[in-house]
Amino acid sequence: MTLLVCVTGRDNRKLMTALRASLPGIAIREWPDAGDLAEIEFVLAWNAPESLWQQLPNLKVVQSFGAGVDGIALSALPADVQVCRIVDPALADDMAEYVLGHVLAHKLRLGLYYRQQQQQLWRPKRASGGNRVGILGLGQLGQVVATKLQRNGFEVLGWSRSEKTIPGIVQFWGRTQLSEFASHCDYLICLLPLTAQTRGILNKSLFEAMPSNGVLINVARGAHLHEADLIDALDTEQIAAATLDVFASEPLATDHAFWHHPKITMTPHVAALTSLKTAVAQIAANMQAMQRGQPLSHCIDLDLGY
Ligand code: NAP
Ligand code: GLV
């Protein structure tokens, strides 16, 4: 039984040390030094190359190193492989804090006052009146974000794939209710998984449905957003502002138009960072469950892609 770590774009030294400490007796290799590919049954993956999957004849489990699984080419996986992800209440709390903080920053016009301070301008204005926050995606993260916003006096609306009833949340579901949902959002938060159905969902028609004071906050994936449509919506005052934590290509290219757009604030994919400790505990538990033939935790539905 061999674990292959194929986590790209980060320094994995602490991760490898923690995995070796938690899984004594398990052979752990780090891609691209994968050794005999036939020995690999479990892969820990983050932005793994698509070509990897068909090279592993005995692959049984792919574990994402985060909440999202979009860095794993699900359609390229051999049949009967299970895909799991990290689910961590602390990650959801971090996300809720991030969203609340950025909604309040817009409401209190903090960006405007930071800019005015640079110019020694004294121009007091009442805080923005909009109080309705819509959340695209009411899953592990979206529901915790919703509760945090409700506790802080916001009216919360939610949009999901399936019909659901969550106390205190005005609920919408399915494509046919998307525009109606967006029309009620002073703040629109994207917390959807990236799938074929949700790619590009933050686009012209959604922005046209939003009120002109609307603020977009994308904390899900960059590929949810049609970038040119956002710039157009901001420049034509279709919507008021955007906060982006995630980008189609990360790190964002230095010549990208988002960097200097006056209505866009950005953070470098930090809204909710995977905790090494929690992740390693969940990876080790799933690895041991696989060895014992027991059910794994936090597996996705491969047909739905999340
Ligand atoms: P989750 O538990 O899988 O929840 C997904 C939600 O999206 C569910 O409510 C689901 O609806 C809804 N949904 C999925 N497809 C849909 C569709 N076609 N139409 C409408 N609704 C749809 O996911 P999560 O754990 O909350 O995470 C969400 C995403 O956040 C991750 O996939 C990742 O991309 C992103 N993320 C970002 C950061 C960051 O630092 N920026 C950190 C962690 C995660 P149903 O309830 O009906 O199934
Ligand atoms: C981060 O973006 C994650 O999916 O955990």
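Let's start with His-269 and ligand 2: in this predicted model, a polar atom in the side chain of His-269 sits 2.7 Å from an oxygen atom of the ligand. The protein covers a good share of this ligand, burying 88% of the 190 Å² that ligand 2 exposes when taken alone.

His-269 has company here. The side chain of Arg-221 also brings an N or O atom to 2.7 Å from an oxygen atom of ligand 2. Gly-68 joins in through its backbone instead, with an N or O atom 2.8 Å from an oxygen atom of the ligand. If you'd like to trace the whole shell around ligand 2, look for Trp-46, Gly-66, Ala-67, Gly-68, Arg-221, His-269 and Thr-274. Sorted by type, that shell has two nonpolar residues, four polar ones and one charged one.

Now move along the chain to His-224, which you'll find in the loop that runs between strand S10 (215–218) and helix H7 (227–235). Is His-224 buried or exposed? With a relative accessible area of 0%, His-224 is buried, because anything under 20% counts as buried. Its side chain makes a polar contact of 3.2 Å with the side chain of Thr-198. Setting aside residues within four places in sequence, His-224 touches a whole list of others, among them Cys-190, Leu-192, Pro-193, Gly-200, Ile-201 and Asn-218.

Follow the loop onward and you get to H7 itself. The buried residues in this helix are Asp-229, Leu-230, Ala-233 and Leu-234. Why can we say that they line one face of H7? Looking down the helix axis, you'd see these buried residues fall within an arc of 130°, so they line one face. And what do they pack against? Their partners are helix H6 (204–209), strand S10, strand S11 (241–244) and strand S12 (264–266). After H7 comes Glu-237, a residue with a positive phi, near 60°.

For a change of scene, head back towards the start of the chain and find Arg-13, in helix H1 (residues 13–22). Arg-13 has a relative accessibility of 63%, so this residue counts as exposed. Its side chain does have a partner, though: a polar contact of 2.6 Å links it to the side chain of Asp-11. To get a feel for distances in the model, jump from Arg-13 to Glu-155: the two are 142 residues apart in sequence, and their C-alpha atoms lie 44 Å apart in space.

Methods. Residues are numbered from 1 along each chain as its sequence is written. Chains are lettered from A and ligands numbered from 1 in the order in which they are written. This is a predicted model: local features need pLDDT of at least 70, side-chain atom pairs count only at pLDDT 80 or more; totals for chains, interfaces and linings use all residues. Side-chain values use heavy atoms; hydrogens and water are left out. A residue is near a molecule or strand if one of its heavy atoms lies within 4 Å of it. A polar contact is a pair of N or O atoms within 3.5 Å; within protein, one must be able to donate a hydrogen and the other to accept it, and residues adjacent in sequence count only if both atoms are side-chain atoms. Accessible areas come from the Shrake-Rupley method with a 1.4 Å probe; for residues, only the protein chains shown count as cover. Ala, Val, Leu, Ile, Met, Phe, Trp, Tyr, Cys and Pro count as nonpolar, Asp, Glu, Lys and Arg as charged, and the others, Gly among them, as polar. Helices (H or I, at least four residues) and strands (E, at least two) are DSSP runs, numbered from the N terminus. Buried means under 20% relative accessible area, exposed over 50%, partly exposed in between (1.4 Å probe, protein chains only). Contact means heavy atoms within 4.5 Å. The arc is that of the directions from the helix axis to the C-beta atoms.
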